[in-house]
Amino acid sequence: MNWLTDVLQNDPDPTETREWIESLKAVIDHNGPERAHQLLEDMVELTRRAGAHLPFAPTTEYINTIPTHLEPKIPGDQTLEWRIRSIIRWNAMAMVVRANRKPGDLGGHIASFASSATLYDVGFNHFFRGPEGEHPGDVVATQGHSSPGIYARAFLEGRISESQIDNFRMEVDGRGISSYPHPWLMPDFWQVPTVSMGLGPIAAIYQARNWKYLESRGLMPKTDRKVWCFMGDGETDEPESLGALSIAGREGLDNLIFVVNCNLQRLDGPVRGNGKIIQELESQFRGAGWNVIKTIWGSYWDPLLAKDSQGILKKLMMETVDGEYQNCKAFGGAYTRENFFGKYPETAAMVASLSDDDIWRLNRGGHDPHKVYAAYDKAMKTTGQPTVILAKTVKGYGLGSAGEALNPTHNTKKLDDDAVRAFRDRFKIPVDDAQLKDGNIPFYHPGEKSEEVQYLLERRRALGGFVPQRRRKADESLTAPKLESFERLMKSTGEREMSTTMAFVQSLNIILRDKQVGPRVVPIVCDEARTFGMEGLFRQIGIYAPAGQKYKPVDRDQLMYYREDSTGQVLQEGITEAGAFASWMAAATSYSTNNLQLLPFYIYYSMFGFQRVGDAAWQAADMRARGFLLGGTAGRTTLNGEGLQHEDGHSHLLSGAIPNCRSYDPSFAGEVAVILQHGMRRMLEEQVDEYYYLTLMNENYSHPELPEGAAEGVIKGMYLLKDAGAKPKKGELRVQLMGSGTILREAIAAAELLDKDFGVTADIWSCPSFTELRRDGYDAERWNRLHPEAKSPRKAYVTECIESRPAGPVIAATDYVRNFTDQIRGFIPRTYTVLGTDGFGRSDTRANLRRHFEVDRYYIAHAAIDALAKDGKMTAKDAARAIKLYKLDQEKPNPLGV
């Protein structure tokens, strides 16, 4: 880049250069810019072939991408739109300031929407399509901190009452509205949760991709609907914001538009004080194959740029760093005259006739509706590429000395009375001083019949209805396959061994054959299909590839070859858990965004699930996602050779914290089938907003027949797998053994040891969900606490199960940390011992790992003897004998710290 700059600034033959430029201008005038571009490309190619090294320039000049003479005229009444925009600005500000003049320090943000009001306003008035009528509607992912402005518009539209905006951030009693976009809290309004930052952009990319996928498969008609994603320039530092740009460029997602609000500031200070964030982002997006539209300067700059015949102003614009641009807006026209224009005599002369106020009014592109309209119009007409609009704005625009372009402005939520009056005057709000007396800040509504409101409503009618709005349920409910369809999976496998992973794959094949649900299945893999034995799907239903398969796969002669197809059903996302999860989320919310129910299955290494994309898992819950997550190769001792980074011992703690995620750790094929069928019935037939997480193991063993009547217990969290007898013989000692996943088999083996070596019998409980048991237990406990005089107190399901069996302690063991099983301790009315895999994972055989973590059959049997001793049913000598008999190392270090 330095070499190129030197050449351009030290032209060895200016006359020849001028002749080339004049020739190129003639080509543009007579044959158009496309022909000029072709000639330039041919010359570049010729120069490279001659051996010259031409440095790559990923950025363009620091000016607007769309020249003034190519800007389309913005339609509508711009004077009226300015008044509407000003009213919205006022009410958004009032909403936050009023909230923070109440007790409670509710917080809120003014500056983000202040900088982006024009970006939204132009979209709402001219581009965002609603879902009413024939058009399916756009999806608009709002920058989270700008929510007050969206509420303020909805207030004028009559969709949100004054009482609701007066209770901004006060939701508990059902009268208020949420702080940020949250579909869980406002299920008829918000479409996409966009806080935490970074999650909106990646979700938008995969939402747009999901539409292309559905169109290619013939499940959805092709339309011109768009995904609009608004984000801040500081937000682009989040890996999720830019990490998936390449898929959008690679697959030509021309239904996707990013709008980056480049106000140059983040929470603490400048985004790139010593650089230029717009140039940086331009290079990243262009490199990923996006169409980049820079909207940097407003119309007041047009005359100055027109006079810049020598390019000195453009040179100055390029030289100035963002930190200095921030100073120019913070310190006013006189400062800008001296410290910006004053750097060169030519630029100083350009503004000599302008007053300091005129210089201060030189507007940025993101605040100019004419420039914004031109950018949006070009983005809408772009084909074959996603588009990003880099719009330069001022953070805290309109706040004046209270926060405009100042570092602390992001957290500005309280304005003093003088600042409120200044804001009113700047935007000409018809609120007089008497109305502002004693710190009052009234909301302003011009009236339902007013010119402003009627214009606003007419624009939304013309564009297909209100945005945002969310559909709660699909018009069509699907019928889940009956449980009988999975009958062979609920039978004993006899001597044939299989893993629960293979039980899932077989279940999935049954579902795929269902005529109604099968086509709606969306299998999603993160480059691990072969790990989970799913490669058969490659040929069976194909891997989605927008352009089809352009090569002959190396395994073409094999039965299960790698088949890509433009109508393929499998989404092979590559090595990106964040991307695969966003893809799952788009499919899991299709019932709402597309009025089309889908059934997504995303299978992955369980360690790289909730731990890695936990923030997105909460986003999915907020979006009311419906689908299945399958944590494969789960358990800290079951994935035996991979070691510390791969061995999951805690994913159920993470999933269990998400209120509408139902988590299961099945041991046998019948349990897998029951859970899948139940989940389909809940999500597809009843349209309940919940999603399911199943951990699956790669250990092969024989599977027993699911006991008759056990299905209900599977879903509730536990059922009696082995009954040692309702009435013990005289002198017989009994224990209750609980387990899940593969460690349940260790509990089964421990029961045999106890009987053989100590004459102790055991009831064995399969517990597919300790999470469901905990939730049920706390629900019963809460009800009893709030109904102290109830004649029939409620009992937790787990309590009922244990109390129905003969007396004796309870031992629970799983392949997860002790907290997993310990969460039901309060509902176990007996001595309760838990064993788990606390500590760091490591590579070894399964037997050695289970011995290391003290969850094998010998440790379970010993724990049972120890618990009986504590209950006074056996003695310490019996416990010591178990230690010796089972060769347990008494001095072995605690695995937690090893």
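## Close-up views of aromatic side chains

**View 1. A charge rests over a tryptophan ring.** In this predicted model, the charged end of R624 is placed over the ring of W184, at 4.2 Å from its centre. A comparable arrangement can be looked up at Y325: K392 lies over the face of that ring, 3.3 Å from the ring centre.

**View 2. Meet F124 and F128, an edge-to-face pair.** Searching the whole structure gives 47 aromatic pairs. For F124 and F128, the ring centres are 5.1 Å apart and the planes stand at 80°, so this pair is edge-to-face. F124 is buried, its relative accessible area being 3%, and F128 is buried too, at 0%.

**View 3. Y778 and F827 link distant parts of the chain.** Here the ring centres lie 5.0 Å apart with the planes at 85°, so Y778 and F827 also pair edge-to-face. Y778 belongs to helix 29 (residues 770-786), while F827 sits in the loop between helix 31 (818-822) and strand 18 (832-835); the two are 49 residues apart. Y778 is partly exposed, with 41% relative accessibility, whereas F827 is buried at 7%.

**View 4. One aromatic cluster takes in F124 and F128.** Zooming out from the pair of View 2, we meet the other members: F113, Y120, F127, W228, F230, Y373 and Y376.

**View 5. W20 helps to make a nonpolar surface patch.** Together with L40 and M43, W20 forms a patch of about 300 Å². W20 is part of helix 2 (residues 14-31) and is exposed, because its relative accessible area of 52% is over the 50% cut-off.

Conventions. Residues are numbered from 1 along each chain as its sequence is written. This is a predicted model: local features need pLDDT of at least 70, side-chain atom pairs count only at pLDDT 80 or more; totals for chains, interfaces and linings use all residues. Side-chain values use heavy atoms; hydrogens and water are left out. Patches are made of residues with over 30% relative accessible area and no salt bridge: like charges are joined within 9 Å, nonpolar side chains (Val, Leu, Ile, Met, Phe, Trp, Tyr) within 5 Å. Accessible areas come from the Shrake-Rupley method with a 1.4 Å probe; for residues, only the protein chains shown count as cover. A salt bridge is a side-chain nitrogen of Lys or Arg within 4 Å of a carboxyl oxygen of Asp or Glu. Helices (H or I, at least four residues) and strands (E, at least two) are DSSP runs, numbered from the N terminus. Buried means under 20% relative accessible area, exposed over 50%, partly exposed in between (1.4 Å probe, protein chains only). Rings of Phe, Tyr and Trp (its six-membered ring) pair if their centres lie within 6.5 Å; planes under 30 degrees apart count as stacked, over 60 as edge-to-face and the rest as tilted. A charge sits over a ring if NZ of Lys or CZ of Arg is within 6 Å of the ring centre and within 35 degrees of the ring normal.
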